[in-house]
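User: I have a two-part request: walk me through this one, and start with the pocket.

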Amino acid sequence: MTQLIWNGLFVGSFYALVALGYSMVYGIIKLLNFAHGDLYMLGAFAGFAILGAVGGVSSSMALPVLLAVLVVTMAVTGLAGVALERIAYRPLRRAPRLSLLITAVGASFALEYGMRAAAGADPRVYPLRLGGSSLEVAGARLTLAQLVLVGVAVVLMIGLNLLVTRTREGRAMRAIALDPTTSSLMGIDVNAVISRTFFIGSALAGAAGVMAGAYYGKIDFLMGFLIGLKAFTAAVIGGIGNIPGTMLGGLVLGLLESFGTFWLGGEWRDVFAFGVLILFLTVRPTGLLGERVTERV
Amino acid sequence: MLEISGLDVHYGGVHALRGLSLTVGPGEIVALLGNNGAGKTTTLAAASGLVRPSGGTVVFDGHDVTGGRPHRVTALGLVHVPEGRRVFSTLTVHENLQLGGYLVRDQAEVRKRIDRVYELLPRLAERRAQQGGTLSGGEQQMLAIGRALVTGPRMLLLDEPSMGLAPLVVASVMELIAQINAEGTAVLLVEQNATAALGIAHRGYVIENGERVLDGPAAELRDDPRVVEAYLGGV
């Protein structure tokens, strides 16, 4: 039981990290960025390339090296997200919503098959694994690696929440989500804030990508597809556009999957996740913490 | 201080402003009057950069701001308070005011300006933790103006601040505008309520179909039979 909860929270914290970028972008420009999962994939490959360039890493150094790679990768995917917005989305800001959505799907394919052209179709084995010692807590076996990854995810999420709720920049993001025109009259450079929002969201996805690579050990060019959909599901469960809601949605989805898999079997995991998505979309489209979102729309 | 000359604005096939010219001097309140669709809101939007004019120029304090981006125009001290107040509804009153201070790096200065607004508008101070959307119409108008004051404006572009407000509230909004002006901020005031606007303005312009049809000192406009008939509801 505690094992199931722990597994759920562990996977859920990945979902939450990726879902946050989804949710922030939706909040600020009302775009479902279907290419967001591919930035996670890009992060995994960027981390892979950096680790390859650094050379062999002894297992005692695995953790500090991983954290350093994480920071560089976040910068890389962050800038990729900014470029994506600048090239693909900004010219369509005033176009019908559907055009933007289709462009996002196109951007997703472009990233996936661009990566296949660059790195090949075969899965790559990550040059760094976080294995190592495990400990027992209240009947659940958790590894040190898992603890570190969850720790990093939690720190990033708390940081993001503080940024959005307490700072001038976060206030500007929330203002633009409500009314971009009036925000510009406050002296806010709306395009610049949107760029920075893409940077932050994409950096978080990139961090999750590296962490997934180091934890699961294998990456491929389509790895972002499913996680993108899961992140979307997590965002919908929590209330898309709502930051604490999205974090909660990620954890809830992780737990649902963990328990669903236990009761029904592993092959039902994705069925279970997307069944929940459909359920939420029909019964409670604003999500668990979504009341504020209905006011925003 | 603000010089608009020969301004043309097209919306698709509609010619909304036709060579409109007007000026606002330092320390003045200038009323811009006219019927619905005359081009009053478009004039303000073209001045603040929300709408790109197809011809003419807007010069503020020696800077050509024609077609400039809105946040740059605000940074110069020309601040537009849009029609319908546009308060950030799910942000608190205090956060709304803080957004006015977005361009001010010095947080102590922002606090000072916000305190000044609270002093001027004690109702906002009482409601500082409330969401902007929960305020009454008059309070929202006060908040929209207060928020603009935090930007440190040298000139305000006010679009229909009296819209939808009860007469007593209109009077207090006009009093607030006169007070802000007395402290040195120039005002271009767009109004349907010509009586209220001409009550505090120094000069006024009347526009129809995007063209200027009348202008002069406020006292003269108040007595002009054409204004009385068309905008002051008298016969």
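User: Which residues lie nearest the centre of the largest pocket, and how many line it?
Analyst: Bearing in mind that this is a predicted model, the largest pocket has a lining of 30 residues, and those nearest its centre are Arg93(A), Arg94(A), Pro180(A), Thr181(A) and Val190(A).

User: How much space lies in the largest pocket?
Analyst: The space in the largest pocket comes to about 940 Å³.

User: Which helices supply at least two residues of the lining?
Analyst: From chain A, the helices α1 (2–29), α4 (97–119), α6 (168–178), α7 (180–185) and α8 (190–216) each supply at least two residues, and α2 (70–75) of chain B does so as well.

User: And how does the lining divide into nonpolar, polar and charged?
Analyst: The lining of the largest pocket is made up of 15 nonpolar, 8 polar and 7 charged residues.

User: Switching to chain B: what is the order of the strands in the open sheet?
Analyst: The open sheet in chain B has 4 strands in the order β2-β1-β4-β5, and their pairing is antiparallel. At its edges are β2 (14–24) and β5 (63–64) of chain B, each of which pairs on one side only.

User: How many bridges join β1(B) to β2(B)?
Analyst: Strand β1 (residues 2–11) of chain B is joined to β2(B) by 7 bridges, with the two strands running antiparallel. Among the bridge partners, Leu2(B) is matched with Val24(B) in β2(B), while Val9(B) is matched with Leu17(B).

User: What about the hairpin there, which residue takes a positive phi?
Analyst: That is Gly12(B), with a positive phi near 55°, in the hairpin of β1(B) and β2(B), where 2 residues lie between the strands.

User: Which strand does β2 of chain A join, and by how many bridges?
Analyst: In chain A, strand β2 (residues 134–137) runs antiparallel to strand β3 (residues 140–143), and 4 bridges join them. Glu136(A) of this pair stands opposite Arg141(A) in β3(A). The two strands, β2(A) and β3(A), form a hairpin with 2 residues between them, and Ala138(A) in the turn has a positive phi of about 50°.

User: Now helices. Why does the span of α6 in chain B agree with what you'd expect?
Analyst: Helix α6 (residues 137–150) of chain B has 14 residues, which at 1.5 Å a residue should span 20 Å, and its end C-alpha atoms are indeed 20 Å apart, so the two agree. The helix α6(B) is also mostly covered, with 13 of its 14 residues buried, and just after α6(B) comes Gly152(B), which takes a positive phi of about 75°.

User: And α9 in chain A, how far does it reach?
Analyst: Helix α9 (residues 223–238) of chain A has 16 residues and reaches 23 Å from its first C-alpha to its last, close to the 22 Å expected at 1.5 Å a residue. Because 13 of its 16 residues are buried, α9(A) is largely enclosed by the rest of the structure. Just after α9(A), Gly239(A) takes a positive phi of about 120°.

User: Last one: is Tyr118(B) buried or exposed?
Analyst: Tyr118(B) counts as buried, because its relative accessibility is 7% and the cut-off for buried is under 20%. Tyr118(B) has its place in helix α4 (residues 107–120) of chain B.

User: What does Tyr118(B) touch?
Analyst: Leaving aside residues up to four places away in sequence, Tyr118(B) touches His94(B), Leu97(B), Leu124(B), Ala125(B) and Arg128(B). For Leu97(B), 21 residues apart from Tyr118(B) along the chain, the C-alpha atoms of the two are separated by 9.8 Å.

Methods: Residues numbered from 1 in each chain as written. Chains lettered and ligands numbered in written order. Predicted model: local features only at pLDDT ≥ 70, side-chain atom pairs only at ≥ 80, totals over all residues. Heavy atoms only, no water. 1 Å grid on protein atoms, 1.4 Å probe; cavity = no way out; pocket = protein on both sides within 12 Å on 5 of 7 lines; lining within 4 Å. Points joined across faces, edges and corners; volume = space filled by probe spheres on them. Nonpolar A, V, L, I, M, F, W, Y, C, P; charged D, E, K, R; others polar. Expected span 1.5 Å × (residues − 1). Buried < 20%, exposed > 50% of the residue type's maximum accessible area, 1.4 Å probe, protein only. Contact = heavy atoms within 4.5 Å. Pairing = 2+ DSSP bridges.
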